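Please walk me through this structure in my viewer, one selection at a time. What should I click on, and what will I find there?

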Amino acid sequence: MRKSVRFLCLVVAVLLLSSLSASAGDPFRKLGRGIVNVGFGALEIPFKIYDVNKEDGGLAAVTYGSLKGIGYFVAREVVGVIEIATFPMPLPGSTDSPSDSGWGYGPWMEPEFVVGPDHDIYNIVYQDLPVD
C-alpha cells in the first residue's frame, strides 16, 4: 500500500514538473482560478441579477437574471472542478490569448475570476480602481 502511494506521488510530481518546463503558462494560476470558481461560484447569481437589472430593469432581473445567474453558477462550478483536477496539464482551447487556438493554461470562462472590477462595488478586491 505504501509503495503504491509513494509511486503515485512520484508520478504526479514528475507530471507537474514536466508540464512546468514543457509549455508556457502557469498551472498554479489555473489551480487558483479553479479554487476561486468552486469557492465563490455562487456569487454569479447576485452578480447576474445586478447586471440584468442595470441593463433591462427589475422584472427582467428577477426572472431572467435569476435564471442566468443559476446557469452561470453551475457552469462556473463545473469549470472550477475541471481546472482543479487538470491543473498540471494544459487543455485544448485554453490558451492565454482568446484569439489563439491550441493547448494552454488559460481560462475557459470570461471573465477569468468571479469577482472582477465590474462587480467590486465597494472597492474591496480592486482598491486602486475607481467605482462606477
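## A short tour of the chain

Start with the whole chain in cartoon view: read along the sequence, its elements run α-α-α-α-β-β. That gives 4 helices and 2 strands. Keep in mind as you go that this is a predicted model.

Next, switch on the surface. The chain exposes about 8,800 Å², and carbon and sulfur atoms supply 68% of that area. Of the 132 residues, 28% are buried. If you display contacts between residues with a separation of 6 or more, 61% of them join residues 24 or more positions apart.

Now select Phe-28 and Phe-87 and show their side chains. The chain has 1 aromatic pair, and these two rings form it: their centres are 6.1 Å apart and their planes meet at 45°, so the pair is tilted, falling between the stacked limit of 30 degrees and the edge-to-face limit of 60.

Colour the surroundings to see where each ring comes from. Phe-28 belongs to helix 2 (residues 27–40), while Phe-87 sits in the loop between helix 4 (58–85) and strand 1 (91–92), so the pair ties together parts that are 59 residues apart in sequence.

Are the two partners buried or exposed? Phe-87 has a relative accessible area of 17% and is buried, whereas Phe-28, at 43% relative accessibility, counts as partly exposed.

For the last stop, select Lys-48 and Tyr-72. Turn the view until you look onto the ring of Tyr-72: Lys-48 lies over its face, 4.2 Å from the ring centre.

Definitions and conventions:
Residues are numbered from 1 along each chain as its sequence is written. This is a predicted model: local features need pLDDT of at least 70, side-chain atom pairs count only at pLDDT 80 or more; totals for chains, interfaces and linings use all residues. Side-chain values use heavy atoms; hydrogens and water are left out. Buried means under 20% relative accessible area, exposed over 50%, partly exposed in between (1.4 Å probe, protein chains only). Contact means heavy atoms within 4.5 Å. Accessible areas come from the Shrake-Rupley method with a 1.4 Å probe; for residues, only the protein chains shown count as cover. Rings of Phe, Tyr and Trp (its six-membered ring) pair if their centres lie within 6.5 Å; planes under 30 degrees apart count as stacked, over 60 as edge-to-face and the rest as tilted. A charge sits over a ring if NZ of Lys or CZ of Arg is within 6 Å of the ring centre and within 35 degrees of the ring normal.
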